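The following exercises are to be worked with the sequence and the three-dimensional structure at hand. Each task is followed by a solution in steps.

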Amino acid sequence: MMLSRENDKTKMVSHRTMAVACMELCAGLVLFGRMYFLQVINADRYRTMAEENRISTRLLAPPRGLIFDRFGQSLAQNNQNFRVLIISELTDGKLNEVLETLNKILPLTEHEIQRVKKEVRRSRDFTPVPIRENLSWEEMASIQLNAPDLPGIVIDEGLSRYYPHPEETAHMLGSVGSVSEKEQATTTNPLYRLPGYKIGKDGIELQYNDELCGKEGARRLEVNAGGRVIREIERDEGTPGKNLTLTIDARLQNIAYNALKGQSGSVVLLDIYSGEILAMVSTPGFNTNAFNRGLTQAEWDELIKNEKNPLMNKALSGLYSPGSTFKIIVALAALEAGVIKPDTKVDCKGYVMNGNQRFHCWKHQGHGEVNLREAIMHSCDIYFYEIAQRVGIDRISAMAKKFGFGAITGIDLPGEKSGLMPTRGWKETIRGELWTKGDTFNTGIGQGYVLATPLQLAVMVAMVANDGIKITPKLLIDPNHKEVDRPQNLNISKANLQLVKEGMFDVVNNPKGTARSARVNVHGGLIAGKTGTTQVKRITMKEREEGLKSQDEIPWKDRNHALFVSFGPTTSPRYAISVVVEHGGGGSTAAAPIAREVMKAALEMDPVTKPPVFHEKGGQ
């Protein structure tokens, strides 16, 4: 009996041993299989993951592309820039105290302090956050001297955008600024997420921002488990931004700006065949370099409260009644329609009646009988009231649209406005009113509903000067650009264009012309032009009866706008210009002399056909 029990116990132990052994074998096989899966099958994957835990790749911002004028003169460059940064993990949790101490050494605005705190919250503790750029030597020395009291504050050297002609080129070039949250959310460009990175905000800087930015570089760093840098393994500086060459002549740009300085307005000078902009100025200007360092609240308030609106690019966005400069379009519409001939005369008695409404000529006593050439020379309003009525608004509008009114020109800059060329349908749809004879009268002298930009006026006179060849203004010289073999023609009679040009010649060169103040003679080269003066405040009959005050006697904002368009030289035209002086008083007194100065310089320099020879210091 005892032997039987012993045998049963032995068998039970043997079964249990076998079960445990089987379990251990299965566990071993599973472990072996898992190890094989990890170390053999997925070896590359986990090796890469391990490497990523040890190696960190961080982006580097490449240098921004440079901008030059047509002759290689610098318009936008990158200068050495010392900036102060803060690393929050080195402040020992005393970020606010450190900023307060820094504020005593380097006065900070409340906006700067709040921005830094916001950037610190968005960044990792060991990421440097910019506080201010473009430090002076004195500021940098003061910070370094007080370094023991400024834990986490470091000085860094980088590059900052600098404009050699900040006010003269402000509206054309624009400026750069920090990336906003909205801009970060709408792009896949990794550079936009770098702390302190700056992008184009307006002008050429915005239009060609992608080209100017370049391709990001990278630093491969060995980091510890917390992400802190141990050493740099390798560095790729990336690809610098593309350099741009503009059509602008910096010499003419500065001349145009200085001629208009102190006024509110615009000058646009261009090549009548290529459409290349040689000068584009809007005044008042502003210091774009101040935007790079950061404006104070006082500086910003001064800009936005200035009644002359210095932040607006008036060449592209300023909308003005073209005034008598629009008579060029009315004349061509009437000639092309055959409703007048060169010798068609109209008797100007100083006013014309439309029902019980009196429409005046600028010359109270009238001009007497005048033909088209004389009407252009004298800028006779009565003549153009009459021919506008004969040709009609539909044909005037069609001719104006041929010359670019009511549509953007297509220049390579952001913010261009299209202006307005009214039609019967426009007034009925937008204003809910029928077109009237008085509307046609007003349109005939470039007032009423007609609105145009200074750029549109420059393009218009350029296409008159080049005998009706359509052009598109541009600012970038593209080395890969191919000229169009067959430029688009407006299909306007050259004889009619010549007649208008002869009238414009008399405006400047005839002793009876309205713009004798614009006359120039550069080695026999003369210019032609057309004045324009537009009311910004309606003159009442009572004011006429009491006697009109001179422009100097009324508030600046109530004075007339002054305009002038011109081309030259008259024998072989190459350059066209438009000048608008807001509240300047009169086209002949305010705008024409500015155009004369700029056109004289253009004819003397002749930048299209005679590149200058610069000396080592950059002069001629």
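**Exercise 1. Determine which residue forms a salt bridge with Asp506, and state which parts of the chain the pair ties together.**

Step 1. The side chain of Asp506 meets that of Arg373 in a salt bridge, with 2.5 Å from N to O. A salt bridge is here a side-chain nitrogen of Lys or Arg within 4 Å of a carboxyl oxygen of Asp or Glu.

Step 2. Asp506 belongs to helix H21 (residues 494–509) and Arg373 to helix H15 (residues 372–378), so the pair ties together parts that are 133 residues apart in sequence. Helices (H or I, at least four residues) and strands (E, at least two) are DSSP runs, numbered from the N terminus.

Step 3. Asp506 is buried, at a relative accessible area of 10%, whereas Arg373 is partly exposed at 30%. Buried means under 20% relative accessible area, exposed over 50%, and partly exposed in between (1.4 Å probe, protein chains only).

A note on the source: this is a predicted model, in which local features need pLDDT of at least 70 and side-chain atom pairs count only at pLDDT 80 or more, while totals for chains, interfaces and linings use all residues. Residues are numbered from 1 along each chain as its sequence is written, and side-chain values use heavy atoms, with hydrogens and water left out.

**Exercise 2. Describe the salt bridge between Asp467 and Lys501, then name the residues that salt bridges with shared partners join into one network.**

Step 1. The closest N and O atoms of Asp467 and Lys501 are 2.7 Å apart.

Step 2. This pair links distant parts of the chain, 34 residues apart: Asp467 is in the loop between helix H20 (454–465) and H21, and Lys501 is in helix H21.

Step 3. Asp467 is partly exposed, with a relative accessible area of 23%; Lys501 counts as buried at 10%.

Step 4. Lys427, Arg431, Glu433 and Asp439 are joined into one network by salt bridges that share partners.

**Exercise 3. How many salt bridges does the rule give, and what does the pair Glu112 and Arg132 tie together?**

Step 1. The count comes to 22 salt bridges.

Step 2. In the salt bridge of Glu112 with Arg132, the closest N and O atoms are 2.7 Å apart.

Step 3. Glu112 lies in helix H4 (residues 110–122) and Arg132 in strand S4 (residues 129–132), so the salt bridge ties together parts that are 20 residues apart in sequence.

Step 4. Glu112 is buried, at 11% relative accessible area, and Arg132 is buried at 17%.

**Exercise 4. Establish which residues of helix H19 are buried and what covers them.**

Step 1. Helix H19 (residues 437–444) is mostly covered, with six of its eight residues buried.

Step 2. The buried residues are Gly438, Asp439, Thr440, Phe441, Thr443 and Gly444.

Step 3. Their cover includes helix H14 (327–337), strand S14 (351–354), strand S15 (357–360), helix H16 (381–391), helix H17 (393–402) and helix H18 (424–431).

Step 4. Just after H19, Gly446 takes a positive phi of about 75°.

**Exercise 5. Describe the pairing of strands S17 and S18 and locate the cis peptide bond at Pro569.**

Step 1. Strand S17 (residues 528–534) is mostly covered, six of its seven residues being buried.

Step 2. S17 pairs with S18 (residues 561–568) in the antiparallel sense over seven bridges; two strands pair if DSSP finds at least two bridges between them. Ala528 stands opposite Phe567 in S18.

Step 3. Gly568 and Pro569 are joined by a cis peptide bond with omega of about -10°. Pro569 lies in the loop between S18 and strand S19 (575–581).

**Exercise 6. Characterise the backbone at Pro284, Ser379 and Asp606.**

Step 1. Most residues other than glycine have a negative phi, and most peptide bonds are trans.

Step 2. The peptide bond from Thr283 to Pro284 is cis, with omega near -5°. Pro284 is placed in the loop between strand S12 (277–283) and helix H11 (288–293).

Step 3. Ser379 has a positive phi, near 55°. This residue lies in the loop between H15 and H16 and is buried at 4% relative accessibility.

Step 4. Asp606 has a positive phi, near 45°. Asp606 lies in the segment after helix H23 (587–605) and is buried, with a relative accessible area of 15%.

How values were computed. Contact = heavy atoms within 4.5 Å.
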